Amino acid sequence: MKPLVGGSRILEVDDLAVAFRDEEVVTGASFHIDRGETMGIVGESGSGKSVTALSVMQLLPYQYASHPRGSVRVDGQEVIGASEDDMLKIRGERVGMVFQEPMTSLNPLHTIEQQLGEILFVHRGMGKHDGRERALELLDMVALPNATERLGAYPHELSGGQRQRVMIAMALANEPDLLIADEPTTALAGTVPAQILELLNELKERLNMALMLITHDLGVVRKMADRVCVMTQGEIVEQGRAERVFNEPRHEYTRGLLAAEPSGDPVDARADAPVVMDADQLTVKYPLGRGWFSAKRFLTAVDDVTVQIRRGQTLGIVGESGSGKTTLAMAMLRLTASEGGIRLGDESIQGWKAKALRPLRHQMQIVFQDPYGSLSPRSSVNQIIEAGLKIHRPELSAADRRQEVARVLLDVGLDPDAQDRYPHEFSGGQRQRVAIARAVILNPAVVVLDEPTSALDLSVQAQIVDLLRDLQRRHGLAYLFISHDLKVVRALAHELVVMKDGVIVEQGSADQVFEAPKTDYTKALMAAAFELEAVSGG
């Protein structure tokens, strides 16, 4: 590890302002980070966290971004206004960065070896042989399994957690004094986030570097950070030692964040409520093709799964990415081919043609993860929500449909007069309310909720959970709730199914599974979600 030029203080940010086309999005940010320290920067989307981090690296789109005032010093060297040659030395050599989404941060056309090799060539002048040896050291450092084999792999051939380990290896290639991790676990599921956080903590200790951790997850900050900055609307409204900020928050916004985590219990429901939908020994296989002399091969994404969804209840489906959660839901909705039994009420709908299923489609609705991507930007809210009514209730006039849309908007907590606005005019939480309104306006028997809160800020998540419980209580809705966030699941689910590699590893009442998990896999999920027991420090 190279010695510090300016002593133990690695980063100093003083009165930093960031403007996009003359509008300030960060105002007067001041903080510092010392060697060996973890600084957590928390806040909701749009608070200025990532913009501040990108200012340190000078990676903002400077064709329209600027710094009206302020200073950012790395080891005493000013980076605002620094030359490209100076910034090339600072990026990677002094400061490394791990971005939120590893799949979009890695080049899909280059192997892992090529991407690590480029960094080592540019910053260290290493040739192919030395670069390969150093790349293997780095992949071993971040505990990537089968590192030698992975060198020749492309990003799409790795899991989300493996891709994030590669991103960390790239950021550490030149042993930086400061590592910036921008939402490093948000795109990951199950036990993987805790593994990545443990890895970051171990590397920080081993390499005696500082860590700037940007996240909206207060549980992560509580476990990892020595000090905390809380940001909202471009300002740091509170900062201090982590234990003080969490135990004695001084600013109203901080107190609101701490109180915003989804909580409470599922709605009261009859244990013997009628079954509205069930799957019996459901199996989903995807063809993988065949070789010249081999039989046709299949990937079994869901294997022999049996579940029931009861009126007024929530069946939670949890597991890591690739466990088969969403595939199971798509198969039950008859949107993916499957084998086994599927019943909607008293009807066995497996094998039905699309035309025969159409009259029943209003009983099976879905709300997707990304409320912006699932709503047409070219359609008004009225057009989006009334689309189902046009198909399933053709007897309604345009005026009647508009009245129904107004009613359901009020039902989901939106202004009925907003139905002529477009999705881009709403916040993320409001867009998700529109998506929920589109689903419930048809009085469905079952609603599939596929990660409906994971793209939302913490306070908005809590609001959506409260809304879902209220709608379930008033309308007796049955939910199939898919999520990797067990805190949200616990607030909604009556029954719980834990999936891994396409099979159910544990199922039962939610209370039973949460309080006394039986399998090691479920125990690991619970520990990762509620305690982050694998993470030390902070």
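The following conversation asks how several descriptions of this predicted model are justified.

Trainee: Why is Pro 61 called partly exposed?

Mentor: The relative accessible area of Pro 61 is 24%, and since buried means under 20% and exposed means over 50%, a value in between is called partly exposed. Pro 61 therefore falls in the middle class. As for its place in the chain, Pro 61 lies in the loop between H1 and strand S4 (65-66).

Trainee: What makes strand S7 (95-98) and strand S11 (235-241) edge strands?

Mentor: The open sheet has 6 strands in the order S7-S8-S9-S3-S10-S11, with mixed pairing. Strands S7 and S11 each have a single partner strand, so one side of each is left without a neighbour in the sheet. Neighbouring strands here are turned by 15° against each other on average, direction ignored.

Trainee: How do you know that strand S8 and strand S9 are paired?

Mentor: Two strands pair if at least two bridges are found between them, and 5 bridges join S8 (residues 178-182) to S9 (residues 210-215), so the condition is met, with the two strands running parallel. One of the contacts in this register is between Ala 181 and its bridge partner in S9, Leu 213.

Trainee: Which helix lies across S9, and at what angle does that helix run to S9?

Mentor: Helix H1 (residues 49-57) lies across S9 and runs at about 145° to S9, and H1 also lies across strand S3 (38-42), S7, S8 and strand S10 (227-232).

Trainee: What makes strand S14 mostly covered?

Mentor: Of the 5 residues of S14 (residues 314-318), 5 are buried, and because buried means under 20% relative accessible area, each of them falls below that cut-off. Both faces are covered, with Thr 314, Gly 316 and Val 318 on one side and Leu 315 and Ile 317 on the other.

Trainee: How do you know that S14 is paired with strand S19 and strand S20?

Mentor: The requirement is at least two bridges; S14 is joined by 4 bridges to S19 (residues 478-482), which runs parallel, and S14 pairs with S20 (residues 495-500) in the parallel sense, again over 4 bridges, so both pairs qualify. Leu 315 stands opposite Leu 480 in S19, whereas Val 318 stands opposite Val 498 in S20.

Trainee: Why is the space lined by Val 42, Leu 218 and Val 221, among others, called a cavity?

Mentor: A cavity is a set of points where a 1.4 Å probe fits but cannot get out, and that is why the word is used. The count comes to 2 cavities of 30 Å³ or more, and about 70 Å³ of space lies in the largest cavity. H11 (252-258) gives the largest share of its lining, 3 residues, and by class the lining has 9 nonpolar, 1 polar and no charged residues.

Trainee: What makes the second largest pocket a pocket, and which residues lie nearest its centre?

Mentor: A pocket, in contrast to a cavity, is an open set of points, so the name says that the space is not closed off. The second largest pocket has a volume of about 500 Å³ and is lined by 22 residues, of which Met 97, Ile 119, His 123, Met 170 and Ala 171 lie nearest its centre. Helix H4 (112-124) supplies at least two of the lining residues, as do S7 and helix H7 (160-171), and H4 gives the largest share, 5 residues. The lining divides into 12 nonpolar, 8 polar and 2 charged residues.

Conventions:
Residues are numbered from 1 along each chain as its sequence is written. This is a predicted model: local features need pLDDT of at least 70, side-chain atom pairs count only at pLDDT 80 or more; totals for chains, interfaces and linings use all residues. Side-chain values use heavy atoms; hydrogens and water are left out. Axes are lines fitted to C-alpha atoms, for helices over the stretch in contact, and angles run from 0 to 180 degrees between N-to-C directions. Contact means heavy atoms within 4.5 Å. On a 1 Å grid over the protein atoms alone, a cavity is a set of points where a 1.4 Å probe fits but cannot get out, and a pocket is an open set with protein on both sides within 12 Å along at least five of seven lines; lining residues have an atom within 4 Å of a point. Grid points are joined across faces, edges and corners, and a volume is the space filled by probe spheres set on the points. Ala, Val, Leu, Ile, Met, Phe, Trp, Tyr, Cys and Pro count as nonpolar, Asp, Glu, Lys and Arg as charged, and the others, Gly among them, as polar. Buried means under 20% relative accessible area, exposed over 50%, partly exposed in between (1.4 Å probe, protein chains only).
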